[in-house]
Amino acid sequence: MDEIHSELVRWFRDHQRELPWRSHPLPYYVWLSEVILQQTRVSQGLDYFNRFVERWPSVAELAAASEEEVLKLWQGLGYYSRARNLHRCAREVVRLYGGELPADYQRLVKLPGIGPYTAAAIASIAFGLPHAVVDGNVYRVLSRLFDIDTPINTDEGVKVFALLADELLDREHPGRHNQAMMEFGALQCVPKNPDCSACPLQPHCLAFGHHSVADRPVKEKRLKVRTRYFHYLVVGDAHRHYMRRREAGDIWQGLYDFPCVERDQPLTLDEVTESPEFRHLLQDRAFEITSISPQFTHKLTHQTLIATFVEIKIFDFSPIIQENNILLVPENEMGSYPIPKLIDNYLNS
């Protein structure tokens, strides 16, 4: 273990990227960076990090923002539950701890959106506490170093890798160790075609010796991906359109898109205009179909969305339906609302 520590620290010293939360490991910076970088590349997440700390330099200022403001600044990162939990967590930190993240793993892990990994990252990097992080990069490094074939996405795998990461942890410098492990997985021990000939840990790597590097880590197959067909109703004219705020219980909670006819298969235009959703929305008003977009495909973790946008011109802008989540938005204000990437792609097509 000591040799692995030495090689890892030497590699990290020579190859680590200069990042603001690394040069200034304030608890707020570490927490914000870890939330942003879940499911996000550093090259993309860095810009979002800088925008967040410029707009809200402290936890208290983030907490004082509205959820809609946070979702708008988050737009494009996806996984919007992370943004909602970030905001909820900031408010809890203000309420419980006066706006300062607690220097205690057990208290951190109880906060909204802070699981074991994020709590360990904050505790070790910001406060120097001996808690090992296990993210996707660490899973990959450990599974190859010790040639472990236990699936990482099982309860047994989570336990096995958590114990191994804790055993390997440098308790005198836990923050440096954790960052080195994550950076090593991100830059050297990459998912596909790693350069093992240039790897300083190659002499200690059991998977290299067993020719199983490409097979690690192991994952169990997940559930079948669901396909959903969205037939969006873009109702309005050149100056204004109806939009809806998505509610709880589905993807994109709190974001804005257009009224929609959803089915588990594609519909013809006649089927769309004869649907109960279309009739409920238009309520016998005169309309004109001005265009139908090509299909837009948007992939989520366990879903594939196939969307078509039916542009509909109407002439009567009296309230269409009395529903709180439907609103009439001027064309020049649409960019101020938080919208999913799919809608952004359509508006910019």
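Helices here (H or I, at least four residues) and strands (E, at least two) are DSSP runs, numbered from the N terminus. The model is predicted, so local features need pLDDT of at least 70 and side-chain atom pairs count only at pLDDT 80 or more, while totals for chains, interfaces and linings use all residues. Residues are numbered from 1 along each chain as its sequence is written, and side-chain values use heavy atoms, with hydrogens and water left out.

**Exercise 1. Find the salt bridge between Arg 95 and Glu 92, and say where the two residues lie.**

Step 1: Get the rule straight. A salt bridge is a side-chain nitrogen of Lys or Arg within 4 Å of a carboxyl oxygen of Asp or Glu.
Step 2: Check the pair. Arg 95 and Glu 92 meet at 3.0 Å, N to O.
Step 3: Place them. Both belong to helix H7 (residues 80–97), three residues apart, or about one turn of the helix. In general, an α-helix has 3.6 residues a turn, so residues three or four places apart point the same way.
Step 4: Look at accessibility. Buried means under 20% relative accessible area, exposed over 50%, and partly exposed in between (1.4 Å probe, protein chains only). Arg 95 is exposed because its value is 57%, and Glu 92, at 24%, is partly exposed.

**Exercise 2. Which residues do the shared salt bridges join into one network?**

Step 1: Start with Glu 262 and Arg 228, whose closest N and O atoms are 2.7 Å apart. Glu 262 sits in strand S4 (residues 260–263) and Arg 228 in strand S1, so this pair ties together parts 34 residues apart in sequence. Glu 262 is partly exposed at 28%, while Arg 228 is buried at 3%.
Step 2: Move on to Asp 257 and Arg 244, again with closest N and O atoms 2.7 Å apart. Asp 257 is in strand S3 and Arg 244 in strand S2, so the pair links parts that are 13 residues apart in sequence. Asp 257 is buried, with a relative accessible area of 0%.
Step 3: Put it together. Bridges that share partners join Arg 226, Arg 228, Arg 244, Arg 246, Asp 250, Asp 257 and Glu 262 into one network. By the same rule, the count comes to 20 salt bridges.

**Exercise 3. Track down some unusual backbone spots.**

Step 1: Know the background. Most residues other than glycine have a negative phi, and most peptide bonds are trans.
Step 2: Go to Asp 147, with phi near 50°. Asp 147 sits in the loop between helix H10 (136–145) and helix H11 (155–168), and it counts as buried at 17%.
Step 3: Try Trp 252, whose phi is about 65°. Its place is the loop between strand S2 (240–245) and strand S3 (256–257), and Trp 252 is buried at 6%.
Step 4: Finish with the cis peptide bond from Arg 216 to Pro 217, with omega near 0°. Pro 217 is in the loop between helix H13 (206–209) and strand S1 (226–236).

**Exercise 4. How many residues of helix H3 are buried, and what follows the helix?**

Step 1: Count. In H3 (residues 27–37), nine of the eleven residues are buried, among them Tyr 28, Trp 31 and Glu 34.
Step 2: Look past the end. Gln 39 follows H3 and has a positive phi, near 65°.
Step 3: Follow Trp 31 inward. A nonpolar core is a set of buried Ala, Val, Leu, Ile, Met, Phe, Trp, Tyr and Cys residues joined through side-chain atoms within 4.5 Å. The largest one has 91 residues, and Trp 31, Phe 52, Tyr 232 and Phe 309 have the most contacts inside it.
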